[in-house]
Amino acid sequence: MKFLRHYFWPDLGGFSKQQLDNLQGLSLLLALTACQPTPPTVQPSFYHWKSNFQPSHLAEATLQQLAPQRLYVRFFDVDWDFSRQAAIPKGEVQLNDLAALPYAITPTLFITNRTLKHLPKAEIPVLAERIIQKIQRKAAQANAPLPTTLQLDCDWTQSTRDAFFTLLRAIRESYPELEELSATIRLHQLRDRNIMGIPPIDRGMLMYYNMGDLEDWEEENSILNLEKAAPYEIGFRDYPLPLDLALPIYSWGLVFRQDRFLQIINDLRSSALTDTTYFEKIAANRYRIRKSTYLNGGYLYAGDQIRVEEMTPALVGEACQHLSTYFDADDFTVAFYHLDSANLNVFNHALLEHLLLDLAQ
C-alpha cells in the first residue's frame with residue numbers, strides 16, 4: 001500500500017470523485033489480495049510398484065501431462081530368509097535405460113517386520129551397506145545418475161522400531177551423497193508417535209490408505225474409509241516432520257472361502273463381474289461365485305465370495321477436500337498409488353489435476 005500511496009498521491013487533486021472511488025476500490029482489492037494466504041504448491045507424483053519399469057503409452061501420456069518432478073519406484077523388497085538366517089532382496093524391479101527420463105527417480109524399498117525382528121543388531125550396518133550398493137548398482141545398470149534420494153517403506157511396530165531407526169541412521173552414515181532420506185508413515189504411527197517414535201529422516205510419506213481390516217467380510221472398504229481414519233488424524237498438525245501424502249487410486253477384490261479370507265485379486269473392479277453365469281451380486285460390492293472359473297489368473301470355486309474395493313474419483317475427491325484442512329504446508333508432494341493403466345483408465349490426468357487442486361485449496 002505504501003507503493004500505491006506514493007504513486008497516486010501527488011495527482012489526487014486532478015481526479016474526479018468517480019476516479020477517486022475507483023482508486024480506493026483498487027487499493028482495497030490489492031490490500032485484501034495481499035492478505036490472502038498463498039496456496040500451497042502441490043507436486044504430483046506416482047508410486048511404481050510393478051516388476052518391470054516400462055510405463056504404458058497411457059502412463060507415459062499421463063506423466064507428460066502432469067509433469068511430475070520425480071517418481072517413487074520400488075527397486076526391491078528386503079525379507080528374512082529363515083533357511084539362510086539372513087536378510088535377502090526379493091521382487092527386484094527390471095529397469096530399462098533411464099538416462100532420458102524427464103523426472104528423477106527415488107528408489108523405494110519395502111522391508112518386512114520379520115527382517116527387523118530377526119536381524120542381529122550388529123548386522124544392521126552391514127545390511128545398510130548392501131542396500132546402498134544394490135541400489136547404486138541397479139541405477140548404474142540402467143544408465144541412471146547416482147540416486148540422491150531414497151525412501152524406505154516399513155510398517156514398523158513398537159518391537160521393531162529401534163532396529164528400523166538404527167537401519168535408517170546406518171544408511172545415512174554410509175551414503176554421504178544422500179540428500180533426502182524419507183520413509184512411509186502409517187496412520188497408527190502418526191497418532192501413536194509417543195510409542196512408535198519419530199524416524200530419523202528428512203520427510204515422511206503419509207500413507208492415507210489401507211485403513212480397515214481386509215480380512216473382515218463385514219468391512220465396507222479397507223482401502224479408504226474417512227470415518228475410520230478420523231481418530232488417527234489428531235496428530236496431523238503437530239507431527240515433527242514435514243509430510244508428503246500418498247493417495248490410493250487402485251482397486252482389488254478380496255476372496256473369501258467358507259467365511260475365511262483367502263486371497264487378494266489385484267486390479268479387480270465390479271465391471272469385471274457382470275457375467276451372471278459365473279457371478280451373482282449379493283450386496284453392494286459383494287459377489288458370490290456361481291460356477292467355478294478363472295479370474296485374473298486365479299481359479300475360484302463355486303460358493304467363493306468376493307468383496308470388491310474400488311477407488312472412485314468421488315471417494316478420493318472427498319478425501320482430498322478433507323485433507324486440505326491438514327496439509328497446509330507451502331510445498332508438498334502427493335504420490336498416487338500406483339502407476340498402472342487399469343488405474344489411469346479411471347483416474348485420467350484431468351481428474352488427477354482436479355484432486356491436486358482440491359488439496360491446494
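A salt bridge here is a side-chain nitrogen of Lys or Arg within 4 Å of a carboxyl oxygen of Asp or Glu. Keep that cut-off in mind while looking at this predicted model, because R269 and E310 pass it with their closest N and O atoms 3.5 Å apart. R269 sits in the loop between β12 (260-266) and β13 (279-283), while E310 belongs to strand β17, so the pair ties together parts that are 41 residues apart in sequence. Both ends are tucked away: R269 is buried at 13% relative accessible area, and E310 is buried too, at 19%. E310 stays on the buried side because the limit is under 20%.

There's a general idea behind pairs like this: side chains of opposite charge can pair when their charged atoms come close. By the 4 Å rule, the count for this model comes to 18 salt bridges.

Strand β17 (305-310) also helps to place another pair, since D304 lies in the loop between β16 (298-300) and β17. D304 meets R257 in a salt bridge, with 2.8 Å from N to O. R257 is in strand β11 (residues 251-257), so this bridge links parts that are 47 residues apart in sequence. How buried or exposed are the two partners, D304 and R257? D304 is buried, with a relative accessible area of just 3%, whereas R257 counts as partly exposed at 27%.

A similar split shows up for E219 and K228, whose closest N and O atoms are 2.7 Å apart in their salt bridge. E219 is buried at 4% relative accessible area, but K228 is partly exposed at 38%.

Now for a single residue in a strand. T106 lies in β6 (residues 104-111), and it is buried, with a relative accessible area of 2%. What does T106 touch, leaving aside residues up to four places away in sequence? Its contacts are R70, L71, Y72 and V73, together with T149, L150 and Q151.

Next, have a look at helix α3 (residues 57-66), where A59, T62, L63 and L66 are the buried residues. They cover an arc of only 100 degrees around the axis, which puts them on the same side of α3. The general geometry helps here: an α-helix has 3.6 residues a turn, so residues three or four places apart point the same way. On the face of α3 turned away from that buried side you'll find the exposed residues H57 and Q64. And what covers the buried residues of α3? The cover includes β1 (41-48) and β3 (70-81), plus the helices α11 (341-344) and α12 (349-360). Just after α3 comes A67, which has a positive phi, near 50 degrees.

Helix α12, part of that cover, has a helix partner as well. Its axis and that of α10 (residues 313-323) come within 7 Å and cross at roughly 20 degrees. That makes α10 roughly parallel to α12, because angles under 35 degrees fall in that class. On the α10 side, the contact is made by P313, V316, G317, C320, Q321 and L323. On the α12 side, the residues are L351, L355, D358 and L359. As for handedness, α10 passes α12 in a right-handed crossing.

Methods. Residues are numbered from 1 along each chain as its sequence is written. This is a predicted model: local features need pLDDT of at least 70, side-chain atom pairs count only at pLDDT 80 or more; totals for chains, interfaces and linings use all residues. Side-chain values use heavy atoms; hydrogens and water are left out. Buried means under 20% relative accessible area, exposed over 50%, partly exposed in between (1.4 Å probe, protein chains only). Helices (H or I, at least four residues) and strands (E, at least two) are DSSP runs, numbered from the N terminus. Contact means heavy atoms within 4.5 Å. The arc is that of the directions from the helix axis to the C-beta atoms. Axes are lines fitted to C-alpha atoms, for helices over the stretch in contact, and angles run from 0 to 180 degrees between N-to-C directions. Angles under 35 degrees count as roughly parallel, over 145 as roughly antiparallel, 65 to 115 as roughly perpendicular and the rest as oblique. A crossing is left-handed if the near helix is turned anticlockwise from the far one by less than a right angle, and right-handed if clockwise.
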